[in-house]
Amino acid sequence: ASYYVNYLYIFTGSCENLFCVENYVNSKNSTQPLVHEFFAEAESTYYLLISSDIKGAVSSYQLKVSEFEVPQNDECENAFAISTSLPSILSGSTVGALPDFT
């Protein structure tokens, strides 16, 4: 098996004036696919560049685009309350949460 670096770039703007908003690279020795969740804004156009570090390399790719709701507790005013009686156990998920600390 041959290993090479895969790249995924996400741009906004126009073809004449692209602005890179995200870029991702997988490991040179990885056989794992390049997987990423990207939070796109509605009504915006995005351009993707998928490439590798080997000139002329040919491979296939699969692009999956999904839509999901942002959880209600994603904002501070909708945070879950923690019981003051201890021990207190909470469970949840970060699926769909927005990246607040970027």
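This report describes the strands, the aromatic rings and a few single residues of one protein model.

**Overview**

The model is predicted, not determined by experiment. The protein has 102 residues, and 12% of them count as buried. Its secondary structure consists of 3 strands and 0 helices. Along the sequence these elements follow the pattern β-β-β. The accessible surface comes to about 9,100 Å², and carbon and sulfur atoms make up 52% of that surface. Among contacts with a separation of 6 or more, 55% are between residues 24 or more positions apart.

**The sheet**

The 3 strands form an open sheet in the order β2-β1-β3, with antiparallel pairing. Strands β2 (17-25) and β3 stand at the edges; each has a single partner strand, so one side of each is left without a neighbour in the sheet. On average, neighbouring strands of this sheet are turned by 25 degrees against each other, direction ignored.

Strand β1 covers residues 6-14, and strand β3 covers residues 47-52. The antiparallel pairing of β1 with β2 rests on 8 bridges. One of the bridges places Gly13 opposite Leu18 of β2. The link from β1 to β2 along the chain is a hairpin through 2 residues.

On the other pairing, β1 and β3 are joined in the antiparallel sense over 6 bridges. Two bridge partners can be named here: Leu8 is paired with Ile50 of β3, and Asn6 is paired with Ser52 of β3.

**Ser52 in strand β3**

Ser52 lies in strand β3. Is Ser52 buried or exposed? Its relative accessibility is 18%, and Ser52 therefore counts as buried, the limit being under 20%. Leaving out residues up to four places away in sequence, Ser52 touches Tyr4, Val5, Asn6, Tyr7 and Ala57. One residue in that list, Asn6, is also the bridge partner of Ser52.

**The aromatic rings**

In general, a pair of aromatic rings is described by the distance of the centres and the angle of the planes. A search of the whole structure finds 2 aromatic pairs. In the pair of Tyr7 and Tyr9, the ring centres are 6.1 Å apart and the planes stand at 10 degrees, so the pair is stacked. The rings of Tyr9 and Phe11 have their centres 6.3 Å apart and their planes at 25 degrees, so this pair is stacked as well. Through these ring pairs, Tyr7, Tyr9 and Phe11 are linked into a cluster.

The table gives the relative accessible area of the residues in the cluster.

| Residue | Relative accessible area | Class |
|---|---|---|
| Tyr7 | 22% | partly exposed |
| Tyr9 | 25% | partly exposed |
| Phe11 | 16% | buried |

**Phe11 and its surroundings**

Phe11 is in strand β1. Which residues are in contact with Phe11, leaving aside its neighbours within four places in sequence? They are Leu18, Phe19, Cys20, Val21, Thr45, Tyr46, Tyr47 and Leu49. For Tyr46, the C-alpha distance to Phe11 is 5.5 Å, although the two residues are 35 residues apart in sequence. With a relative accessibility of 16%, Phe11 counts as buried because the limit is under 20%.

**Ser14 in strand β1**

Ser14 also has its place in strand β1. Its relative accessible area is 28%, which makes Ser14 partly exposed. Ser14 and Thr45 are 31 residues apart along the chain, and their C-alpha atoms are separated by 8.5 Å. Thr45 also appears among the contacts of Phe11.

**The cysteines**

How many disulfides does the structure hold? The number is 0. A disulfide is a covalent bond between the sulfur atoms of two cysteines. Two cysteines can be described by their accessibility. Cys15 has a relative accessibility of 59% and counts as exposed. Cys20 is partly exposed, with a relative accessible area of 31%. Cys20 is one of the residues in contact with Phe11.

Note on methods: Residues numbered from 1 in each chain as written. Predicted model: local features only at pLDDT ≥ 70, side-chain atom pairs only at ≥ 80, totals over all residues. Heavy atoms only, no water. Helix = DSSP H or I, 4+ residues; strand = E, 2+ residues; numbered from the N terminus. Buried < 20%, exposed > 50% of the residue type's maximum accessible area, 1.4 Å probe, protein only. Contact = heavy atoms within 4.5 Å. Disulfide = S-S within 2.5 Å. Pairing = 2+ DSSP bridges. Axes fitted to C-alpha atoms, helices over the stretch in contact; angles between N-to-C directions. Phe/Tyr/Trp six-rings, centres within 6.5 Å; stacked < 30°, edge-to-face > 60°. Areas by Shrake-Rupley, 256 points an atom, 1.4 Å probe, with all protein chains shown as cover.
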